[in-house]
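Student: I have a new structure open and would like to go through it with you. Could we take it piece by piece?
Tutor: Gladly; have a look at it, and then ask whatever comes to mind.

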Amino acid sequence: MQLEQMYQEIILDHYRNPHRHGLREPFDAESFQVNPTCGDEVTLRVRLVGSGTEATVADVSYAGQGCSISQAATSVLTDLVVGRPLQEALDKQAVFTELMEGRGQVEPDEDVLEDGVAFAGVAKYPMRVKCALLGWMAFRDAVSRVVDEVGAS
Amino acid sequence: MTVEPPGVRGSDTTQTGAGTAPAPLDVAALRADFPILRRTVRDERPLVYLDSGATSQRPTQVLDAERSFVETSNAAVHRGAHQLAEEATDAYEGARAKIARFVGVATNEIVFTKNATEGVNLVAYAMSNAATAGPEAERFRIGPGDEVVVSEMEHHANLVPWQQLCQRTGATLRWFGVTDEGRLDLSELDALINERTRVVAVTHQSNVLGTVNPLEAIVDRAHRVGAFVVLDACQSVPHGPVDFAAAGVDFAVFSGHKMLGPSGIGVLYGRHELLRAMPPFLTGGSMIELVHIDRSTFAEPPQRFEAGVPMTSQVVGLGAAVDYLSVVGMQRVSAHEHRLVERALRELSAVEGVRIIGPVDTENRGGAVSFVIDGVHPHDASQVMDDQGVEIRVGHHCAWPLHRRMGVPATIRASFYLYNELDEVTALVDAVREAQRFFAVTPTAG
């Protein structure tokens with residue numbers, strides 16, 4: 001059954017016990033993103049140390065309401081970017097986005113995406129791709145408010 | 001062209017036993033008219049289509065009417081003098097007459113639009129345009145100090161155009177609240193609709209709650225203070241007998257695709273006296289009387305509001321849909337859906353962890369049931385239910401303020417139509433339980 005492919009145990013674990021959940025101080029920028037088709041929303045804060053794209057992602061904190069896919073994807077996002085150089089975080093965003101927009105045809109790279117590979121099954125459901133990308137859109141948007149070289153999308 | 005639905009046996013006039021209860025529908029026979037209902041989804045599951053509130057399915061009679069029109073009489077209507085133009089115009093205007101009769105109004109009170117949303121915008125923009133139109137449009141002018149009244153349960157289509165009208169003109173938007181039970185709160189009726197009110201725009205039946213609103217009190221009060229009533233009838237006209245003239249509303253909108261008809265066709269009703277005085281929204285070909293290089297005058301309604309070559313096969317298709325529904329009988333459609341909703345409310349309420357959003361009784365209530373499941377986000381529930389072949393809608397259903405009012409970010413909505421069977425309510429409830437099981441929130445599983 002395809003349902004189990006979509007809702008892998010990793011996703012349900014992140015949903016039930018989200019990592020780094022909650023909004024924290026200090027932060028450099030905050031982004032509020034909403035999925036207008038379903039009303040899911042996320043507020044996400046980014047704390048960067050260092051300047052420009054040389055910076056390191058010191059913290060990502062978030063709150064919001066949404067389905068298991070959007071909540072788990074945001075939890076995984078924090079695992080992938082916190083403590084990493086900003087450029088590496090942005091590269092991961094590009095790889096994750098490519099996976100999600102690949103209609104299930106893109107082979108996920110576990111070295112880059114770690115738990116994020118669990119979302120490969122979601123890519124087969126086009127209506128749910130936005131859910132998985134909501135937190136990442138907020139991350140990109142927040143970073144773009146601090147780092148001039150990074151565009152909002 | 002008259003459509004005889006082969007699936008239809010008897011009609012409203014066929015009475016069973018004593019009283020006035022309409023004869024029940026032969027749903028199995030009706031379903032044979034809807035090819036899509038025979039398909040399977042997701043690993044060969046039978047399709048349980050419970051999303052007719054979003055869009056309904058179309059019987060072959062509607063498809064045949066459209067196809068036959070295009071194959072035999074297709075031409076631009078109200079143009080040209082050749083035989084095809086004549087036949088196409090007759091088909092288009094013939095459908096207008098049928099649709100008018102279906103909702104109890106005169107033929108020249110029916111305006112075709114792209115969809116119901118465009119119908120609401122047409123009225124709202126005509127009111128803006130009244131500012132620069134002639135003296136006959138005086139009654140449509142609106143500005144600072146004037147008020148527009150909507151309700152908290154409106155679909156965005158009957159809310160955003162009025163917000164925008166207020167922003168453009170400086171008028172003030174006010175709204176009816178909704179009670180915890182999901183009914184319109186009329187306790188402030190006289191204060192809310194007052195001498196400053198120019199428009200009262202409300203839904204006949206909530207697309208989320210299923211609530212049917214009491215029009216009489218609203219229409220009476222609005223007319224006492226000289227305000228227009230604009231009715232969103234998208235969820236009422238497809239599901240039961242509706243008579244706009246008897247209801248006394250000034251304008252009303254509904255859409256073809258929610259009543260077995262094609263998409264891309266909406267209907268605006270306006271009282272003729274009002275349409276005659278109202279300035280146009282979209283301008284261009286077909287809607288004019290005289291055109292000079294620097295100025296124009298406009299045609300009488302309804303042509304004044306139908307600029308450009310209109311949707312023709314869609315109108316013919318909607319005419320066929322109205323024929324189909326008329327043969328079935330709207331009393332019977334309504335009674336059938338009542339049975340489905342009664343069972344859905346009863347069986348869903350019996351599932352621990354399920355909460356109905358909207359009236360839990362069947363009085364003044366139509367064929368949509370929205371609910372939430374404790375511990376399962378509607379989007380996730382939808383995925384599991386879809387896996388069972390049960391196609392329901394989740395989200396805010398274009399009624400975001402209503403969801404805020406009811407304290408939920410999103411709901412699951414099952415909406416019924418004449419082709420749904422009682423067994424499909426059972427499939428719905430089973431799918432809800434499966435979602436609970438999948439996400440391990442069944443009470444027994446802790």
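**Strands, sheets and the contact**

Tutor: Let me begin with one pair of residues: A:Ser31 has A:Leu44, in S2(A), as its bridge partner. Please keep in mind throughout that this is a predicted model.

Student: How many bridges are there between S1(A) and strand S2 of chain A, and in which sense do they pair?
Tutor: There are seven bridges between S1(A) and strand S2 (residues 40-49) of chain A, and the pairing is antiparallel.

Student: And which sheet are they in?
Tutor: They belong to an open sheet of three strands in chain A, with the order S1-S2-S3 and antiparallel pairing. S1 and strand S3 (56-65) of chain A are at the edges and have a single partner strand each, so one side of each has no neighbour in the sheet. From one strand to the next, the twist averages 20 degrees.

Student: What holds paired strands together in general?
Tutor: Strands of a sheet pair through backbone hydrogen bonds, and they may do this in a parallel or an antiparallel way.

Student: Which helix lies across S2 and S3 of chain A?
Tutor: That is helix H3 (residues 68-81) of chain A, which runs at about 170 degrees to S3(A).

Student: Anything unusual in the backbone of chain A?
Tutor: Two places are worth a look, and both are in the loop between H2 and S1 of chain A, where A:Arg20 lies and where A:Pro26 is also found. A:Arg20 is not a glycine, yet it has a positive phi of about 55 degrees, while the peptide bond joining A:Glu25 and A:Pro26 is cis, with omega about -15 degrees. As background, most residues other than glycine have a negative phi, and most peptide bonds are trans.

Student: Where in chain B is there a cis peptide bond?
Tutor: The bond from B:Pro301 to B:Pro302 is cis, with omega near 5 degrees. B:Pro302 sits in the loop between strand S12 (296-298) and helix H10 (313-328) of chain B.

Student: Staying with chain B, how many helices and strands are there?
Tutor: Chain B has 14 helices and 17 strands. Seven strands form an open sheet with mixed pairing, in the order S4-S10-S9-S8-S7-S5-S6. At its edges stand strand S4 (110-113) and strand S6 (172-176) of chain B, each with a single partner strand, so one side of each is left without a neighbour in the sheet. Direction ignored, neighbouring strands of this sheet are turned against each other by 20 degrees on average.

Student: Can you show me one pair from that sheet?
Tutor: Take strand S8 (residues 228-232) and strand S9 (residues 251-255) of chain B, which run parallel and are joined by three bridges. Within this pair, B:Asp232 stands opposite B:Val253 in S9(B). Helix H7 (residues 215-224) of chain B packs on the sheet, where it touches strand S7 (197-203) and S8 of chain B, and its direction makes about 165 degrees with that of S7(B).

Student: What about the overall shape of chain B?
Tutor: The C-alpha trace of chain B spans about 75 × 55 × 45 Å along its principal axes. Chain B has a radius of gyration of 23 Å, which agrees with the value near 22 Å for a compact globule with 446 residues.

Student: Which domains does UniProt list?
Tutor: For chain B, an unreviewed UniProt entry lists residues 48-428 as "domain: Aminotransferase class V", and this span is 37% helix and 17% strand. For chain A, an unreviewed entry lists residues 6-131 as "domain: NIF system FeS cluster assembly NifU N-terminal", a span that is 38% helix and 21% strand.

Student: Now the contact: how many residues does each chain give?
Tutor: The contact takes 13 residues from chain B and eleven residues from chain A. On the side of chain B that touches chain A, two or more residues come from each of helix H12 (378-387), strand S16 (393-395) and helix H13 (400-406) of chain B. H12(B) gives the most, with five residues. By class, that side of chain B has five nonpolar, six polar and two charged residues.

Student: Last topic, how confident is the predictor?
Tutor: The complex is given an ipTM of 0.88 and a pTM of 0.93. Chain B averages a pLDDT of 94, with 94% of the residues scoring at least 70, but over residues 9-18 of chain B the pLDDT is below 50. Where pLDDT is low, the predicted coordinates should not be read in detail.

Terms used: Residues are numbered from 1 along each chain as its sequence is written. Chains are lettered from A and ligands numbered from 1 in the order in which they are written. This is a predicted model: local features need pLDDT of at least 70, side-chain atom pairs count only at pLDDT 80 or more; totals for chains, interfaces and linings use all residues. Two residues are in contact if their C-beta atoms, placed from the backbone, lie within 7 Å. Helices (H or I, at least four residues) and strands (E, at least two) are DSSP runs, numbered from the N terminus. Ala, Val, Leu, Ile, Met, Phe, Trp, Tyr, Cys and Pro count as nonpolar, Asp, Glu, Lys and Arg as charged, and the others, Gly among them, as polar. UniProt positions are given in the numbering used here, feature names are shortened, and annotations may be inferred rather than shown by experiment. Two strands pair if DSSP finds at least two bridges between them. Axes are lines fitted to C-alpha atoms, for helices over the stretch in contact, and angles run from 0 to 180 degrees between N-to-C directions. pLDDT is the predictor's confidence in each residue, from 0 to 100. The radius of gyration is taken over C-alpha atoms; the globule rule is 2.2 Å times the number of residues to the power 0.38.
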